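Visitor: I should like to learn how to read some features of a protein model, taking them one at a time. May we begin once the structure is in view?

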Amino acid sequence: MTEQPWSYRSTSGHLAGAVLAGYKVEATDGSIGKVDKHSDVVDDAYLVVDTGVWIFGKEVLLPAGLVSRIDAEERKIYVDASREQVKKSPEFHREPHLGDATYRQRLGLYYGPGGPLA
């Protein structure tokens, strides 16, 4: 994860304004689902990933800083986290958490320095 968890890395291949909904998301050890919603807002960029049958009925919020690479041709996004790390992330519920600064801070700590990805 980068020092700025809520911003895409300059090396990720992210293009501002690109529509990422429907892209498959790949962890370091396999697929975790598809992008359902995303944000490009500066310092508040994220992906909401529908995990489908992998974690039945669950969505996860991933800070944009986890994105290592976007392959527009394959419609895939690669993140620097394992499936297990994503599965163990703080539970996400769209309505209460999407705009919640406290939840974002907790998630940033989980994926940031000192968290399981450090």
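Visitor: How many residues lie between β1 and β2 in the hairpin that they form?

Guide: This is a predicted model, and in it two residues lie between β1 and β2 in their hairpin. The strands run antiparallel, and four bridges join β1, residues 24-27, to β2.

Visitor: Which residue of β2 is the bridge partner of A27?

Guide: The partner of A27 is G30 in β2.

Visitor: In which sense do β1 and β6 pair, parallel or antiparallel?

Guide: β1 and β6 pair in the parallel sense, over three bridges. Within this pairing of strands, K24 stands opposite K76 in β6.

Visitor: Let us turn to backbone angles. What sign of phi do most residues other than glycine have?

Guide: For most residues other than glycine, phi is negative. Two residues of this model are worth examining against that background. D43 is not a glycine, yet its phi is positive, at about 65°. R75, also not a glycine, has a positive phi of about 55°.

Visitor: Where are D43 and R75 found?

Guide: D43 is in the loop between β2 (30-39) and β3 (46-50), while R75 is in the loop between β5 (67-71) and β6 (76-79). As to solvent, D43 is exposed, with a relative accessible area of 53%. R75 is partly exposed, its relative accessible area being 40%.

Visitor: How should one read the pattern of burial along a helix?

Guide: The general idea rests on geometry: an α-helix has 3.6 residues a turn, so residues three or four places apart point the same way. For the present case, consider α3, residues 101-111, in which Y103, R104, L107, G108, Y110 and Y111 are buried.

Visitor: Why may the buried residues of α3 be said to line one face of the helix?

Guide: Seen down the axis of α3, the buried residues fall within an arc of 160°, so they line one face. On the other side of α3, the exposed residues are A101, T102, Q105 and L109.

Visitor: Which elements do the buried residues of α3 pack against?

Guide: They pack against the strands β3 and β4 (59-63), and against the helices α1 (83-87) and α2 (94-97).

Visitor: What does a side-chain oxygen of D100 reach at the start of α3?

Guide: The side-chain oxygen of D100 comes to within 2.9 Å of the backbone nitrogen of T102. T102 itself is one of the exposed residues of α3.

Technical notes
Residues are numbered from 1 along each chain as its sequence is written. This is a predicted model: local features need pLDDT of at least 70, side-chain atom pairs count only at pLDDT 80 or more; totals for chains, interfaces and linings use all residues. Side-chain values use heavy atoms; hydrogens and water are left out. Buried means under 20% relative accessible area, exposed over 50%, partly exposed in between (1.4 Å probe, protein chains only). Two strands pair if DSSP finds at least two bridges between them. The arc is that of the directions from the helix axis to the C-beta atoms. Contact means heavy atoms within 4.5 Å. A polar contact is a pair of N or O atoms within 3.5 Å; within protein, one must be able to donate a hydrogen and the other to accept it, and residues adjacent in sequence count only if both atoms are side-chain atoms.
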